[in-house]
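Got the viewer open and a selection box ready? Here is a walk through one model, stop by stop, with something to click on at each.

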Amino acid sequence: MLEFIVITHLLFVMIQLLFGVLANGVIVVVTGTELTRPRKMAPLHLLLCCLAVSRICLQMFIFYNSLVVLSLIEFFSLAETYTVFMFFSELSLWLATWLSVFYCAKIATFAHPLFFWLKLRISRLVPWLIVGSLLYTSLTAVFHRKHTWILSQKLWLSLFSQNATTQGNEMSTLHFAILVVEFLLPLFIFLLSALLLIFSLGRHAQQMTSMAAVSGHTGTSVYSSTLLSMLSFLVLYVSQYVMAALIFSQIFKNKNFTFLFCFLVLGLYLSGHSIILIFASPKLKQNAKKLFFHSKCCQ
């Protein structure tokens with residue numbers, strides 16, 4: 001029974017990695033091509049390209065961790081490896097958060113001076129937000145390298161090795177609290193922007209439905225698809241926090257079905273949301289089809 005669960009999990013992990021790399025690869029190729037054209041830089045393309053690159057790197061790390069969990073490869077307890085893992089994990093969270101803020105500022109409508117200021121300047125702020133996120137995650141990764149490794153060593157070895165013991169200093173409560181705040185801050189900003197956008201889209205969809213009932217014309221499909229896309233983004237984004245909390249709480253045994261399921265859901269966000277981005281954007285969807293048919297013709 002255990003072997004069946006392990007083989008099934010490995011199969012899903014490989015499919016997940018394949019779809020994740022393909023989906024994020026398509027986004028990188030399409031947005032990267034747009035950015036190289038001699039015209040004014042599109043901030044959304046730059047943000048999507050950086051997000052897709054960070055997700056590909058993070059997907060590789062999660063695939064490696066899954067192989068370690070299944071005892072298919074040996075676990076190498078290198079501090080540098082998990083410092084890089086923490087860097088890409090936090091960077092991916094911040095870039096996804098800024099994507100939500102960008103959508104909220106561009107699409108939502110609220111009669112507030114601060115929101116109006118953000119709507120006018122969000123396009124110019126995107127490059128600075130990306131650079132700021134890179135610098136911030138780099139500095140925190142270096143600053144917390146020792147303490148992050150103490151935490152990672154205790155958690156990862158307890159998860160991946162039945163008889164592993166850790167040595168060294170205990171992580172202070174202060175540094176643990178700082179790490180928690182660092183990961184909860186992007187979640188707070190994301191929830192605020194996502195919920196504001198969902199509320200605004202829901203209000204517009206309701207108004208369009210009322211107008212359609214009077215005039216007989218239907219025009220709610222765009223609002224509905226955008227609303228569903230944002231709701232999916234919200235569910236996937238929050239689910240990775242929930243799954244990560246369940247994994248690191250160590251309430252499930254190693255190779256337990258629920259434990260492996262949490263790992264699958266954790267990786268599902270990276271590939272699932274990228275696929276949603278492609279289908280939700282007509283430009284990305286069209287270029288993805290072109291790439292697919294081009295590769296098919298080359299074969």
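## The overall fold

Start in cartoon view and trace the chain from the N terminus: the elements run α-α-α-α-α-α-α-α-α. That comes to 9 helices and 0 strands. Keep in mind that you're looking at a predicted model. Color by burial if you can: of the 299 residues of the protein, 43% count as buried.

## Stop one: a greasy patch

Select Leu 11, Ile 15, Leu 18, Phe 19 and Leu 22, and show them as a surface. Together these residues make a nonpolar surface patch of about 490 Å². Now pick out Ile 15, which sits in helix α1, residues 2–36. Is Ile 15 buried or exposed? Neither label fits, because its relative accessibility is 36%, and Ile 15 therefore counts as partly exposed.

## Stop two: a hole inside

Time to look for empty space. Rolling a probe the size of a water molecule over the atoms shows where such space is left. Here the count comes to 2 cavities of 30 Å³ or more. We'll visit the second largest cavity, which holds about 50 Å³ of space.

To find the second largest cavity, select Val 13, Gln 16, Leu 17, Gln 59, Ile 62, Phe 63, Ser 66, Phe 263 and Leu 264, the residues that line it. Which elements give two or more residues to this lining? They are α1, α2 (43–69) and α8 (257–280). Color the lining by helix and you'll see that α2 has the largest share, with 4 residues. Then recolor by residue type: the lining divides into 6 nonpolar, 3 polar and no charged residues.

## Stop three: helix α6 and Thr 97

Jump to helix α6, residues 173–215, and select Leu 185. With 38% relative accessibility, Leu 185 counts as partly exposed. Add Thr 97 to the selection and draw a C-alpha to C-alpha distance: Leu 185 and Thr 97 are 9.8 Å apart in space, though 88 residues apart in sequence.

Stay on the helix and click Leu 191, also placed in α6. Leu 191 counts as partly exposed too, because its relative accessibility is 29%. Draw the C-alpha line to Thr 97 again, this time from Leu 191: the two are 8.6 Å apart, with their positions 94 residues apart in sequence.

## Stop four: Phe 87 on helix α3

Next, select Phe 87, in helix α3, residues 79–107. Why does Phe 87 count as buried? Because its relative accessibility is 17%, and buried means under 20%. Bring up Thr 137 as well: it is 50 residues from Phe 87 along the chain, yet their C-alpha atoms are separated by 5.8 Å.

## Last stop: Ser 232 on helix α7

Finish at Ser 232, which you'll find in helix α7, residues 221–248. Ser 232 has a relative accessibility of 29%, so it counts as partly exposed. Select Tyr 269 along with Ser 232 and draw one more C-alpha line. How far apart are these C-alpha atoms? They are separated by 9.8 Å, for two residues 37 apart along the chain.

Conventions
Residues numbered from 1 in each chain as written. Predicted model: local features only at pLDDT ≥ 70, side-chain atom pairs only at ≥ 80, totals over all residues. Heavy atoms only, no water. Patch = residues over 30% accessible without salt bridge, like charges linked within 9 Å, V, L, I, M, F, W, Y side chains within 5 Å. Areas by Shrake-Rupley, 256 points an atom, 1.4 Å probe, with all protein chains shown as cover. Salt bridge = Lys/Arg side-chain N within 4 Å of Asp/Glu carboxyl O. Buried < 20%, exposed > 50% of the residue type's maximum accessible area, 1.4 Å probe, protein only. 1 Å grid on protein atoms, 1.4 Å probe; cavity = no way out; pocket = protein on both sides within 12 Å on 5 of 7 lines; lining within 4 Å. Points joined across faces, edges and corners; volume = space filled by probe spheres on them. Nonpolar A, V, L, I, M, F, W, Y, C, P; charged D, E, K, R; others polar.
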